[in-house]
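Colleague: I should like to learn how to read the features of a model such as this one. May we look at it together, one feature at a time?

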Amino acid sequence: LLCDGPATSEGFFYEAFLEEGRTLSPEDVRVLQAETDRIIQARQPFERMVVSRDVARKIFAYNRFKHAILDALPEKDTITLYRCGNLIDLCRGPHVVNTGVLKWIRLRHASGAFLAGDSSCASLQRVYGISFPTREHLEQYERKRSEMAKRDHRIIGKNQGLFMIHKASPGNVFFLPHGTRIYNRLIDFLRHEYRKRGYDEVVTPLLFDKSLWERSCH
């Protein structure tokens, strides 16, 4: 079931609910990229449709996520849909004339997400993408991402023997000897800066009751 798909400052994403807890793999993203390229080549037109809220509810009767989006829209808002090929979706618009205008699109990766960032909602799969007006802009973007990947701290940390990750504590770092030396130097620097600015140091527990995190929304 399709959910929401806004533009962002770094491209766009679209979220979908997959049955039985299925997740998207890198191979799935490659398949979606091939289908995206096919749709672009087909130059499918975008058709804007203005409908009543009741008509929109009937069109999306099968999709509880679209109903939630409709419920969140102010009553005074005009409900607009866009048709592209065999897809009809909720969207404020405006859109380009047809898919052929969007020649240089790259789907970057997929990840898990929650609807509206609410962890009490169903788990969704989110596909990230970005588009460019020319091939040159796309190639420049991909070169930049390639250089950034070489500087990934996870790769550098492993190659230089600074730290490791262990399944006994997923997401946490086990500093190795050389990494520990760097860590201690950084801590010494911070303590020096604290003292220089008149701050005192305190030590707090590592474990807290979960109510603290619920209250602070962390």
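Modeller: Certainly. Please keep in mind that this is a predicted model. Let us begin with C91, which is partly exposed, with a relative accessible area of 31%.

Colleague: Is C84 buried or exposed?

Modeller: The value to read is the relative accessible area, and buried means under 20%. C84 has a relative accessible area of 13%, so this cysteine is buried.

Colleague: How many disulfides does the model contain?

Modeller: A disulfide requires a pair of cysteine sulfur atoms within 2.5 Å. By this rule there are 0 disulfides. For C84, the nearest cysteine sulfur is that of C91, 11 Å away, and C84 is in no disulfide. C91 likewise takes part in no disulfide, its nearest cysteine sulfur being that of C84.

Colleague: Where does T80 lie, and what does its side chain reach?

Modeller: T80 is placed in strand β4, which covers residues 79–84. Its side chain reaches the backbone oxygen of C91 at 2.4 Å. With a relative accessible area of 8%, T80 is buried, because the limit for that word is under 20%. Leaving aside neighbours within four places in sequence, T80 is in contact with R48, M49, V50, D89, L90, C91 and R92.

Colleague: Which residues make up the largest nonpolar core?

Modeller: Such a core is read as a set of buried nonpolar residues joined through their side chains. The largest one here has 8 residues: M49, V51, A56, F60, L70, I79, L81 and L90. Strands β3 (46–51) and β4 each supply at least two residues of this core. L90 is a useful member to inspect: with neighbours within four places in sequence left aside, L90 is in contact with F60, K66, I69, L70, I79, T80 and L81.

Colleague: How should I read the sheet, and what is the order of its strands?

Modeller: Strands of a sheet pair through backbone hydrogen bonds, either parallel or antiparallel. In this model, 4 strands form an open sheet in the order β1-β2-β7-β6, with antiparallel pairing. The edge strands, β1 (7–8) and β6 (104–114), each pair on one side only. Between β1 and β2 (residues 11–16) there are 2 bridges, and T8 has G11 in β2 as its bridge partner.

Colleague: Which strands does helix α1 touch?

Modeller: Helix α1 (residues 26–42) packs on the sheet and touches β6 and β7 (123–132), its direction making about 135° with that of β6. Helix α4 (residues 135–150) also packs on the sheet, touching β6 and β7, and its direction makes about 45° with that of β6.

Conventions. Residues numbered from 1 in each chain as written. Predicted model: local features only at pLDDT ≥ 70, side-chain atom pairs only at ≥ 80, totals over all residues. Heavy atoms only, no water. Buried < 20%, exposed > 50% of the residue type's maximum accessible area, 1.4 Å probe, protein only. Polar contact = N/O pair within 3.5 Å; in protein donor to acceptor, adjacent residues only side chain to side chain. Contact = heavy atoms within 4.5 Å. Core = buried A, V, L, I, M, F, W, Y, C linked by side-chain atoms within 4.5 Å. Pairing = 2+ DSSP bridges. Axes fitted to C-alpha atoms, helices over the stretch in contact; angles between N-to-C directions.
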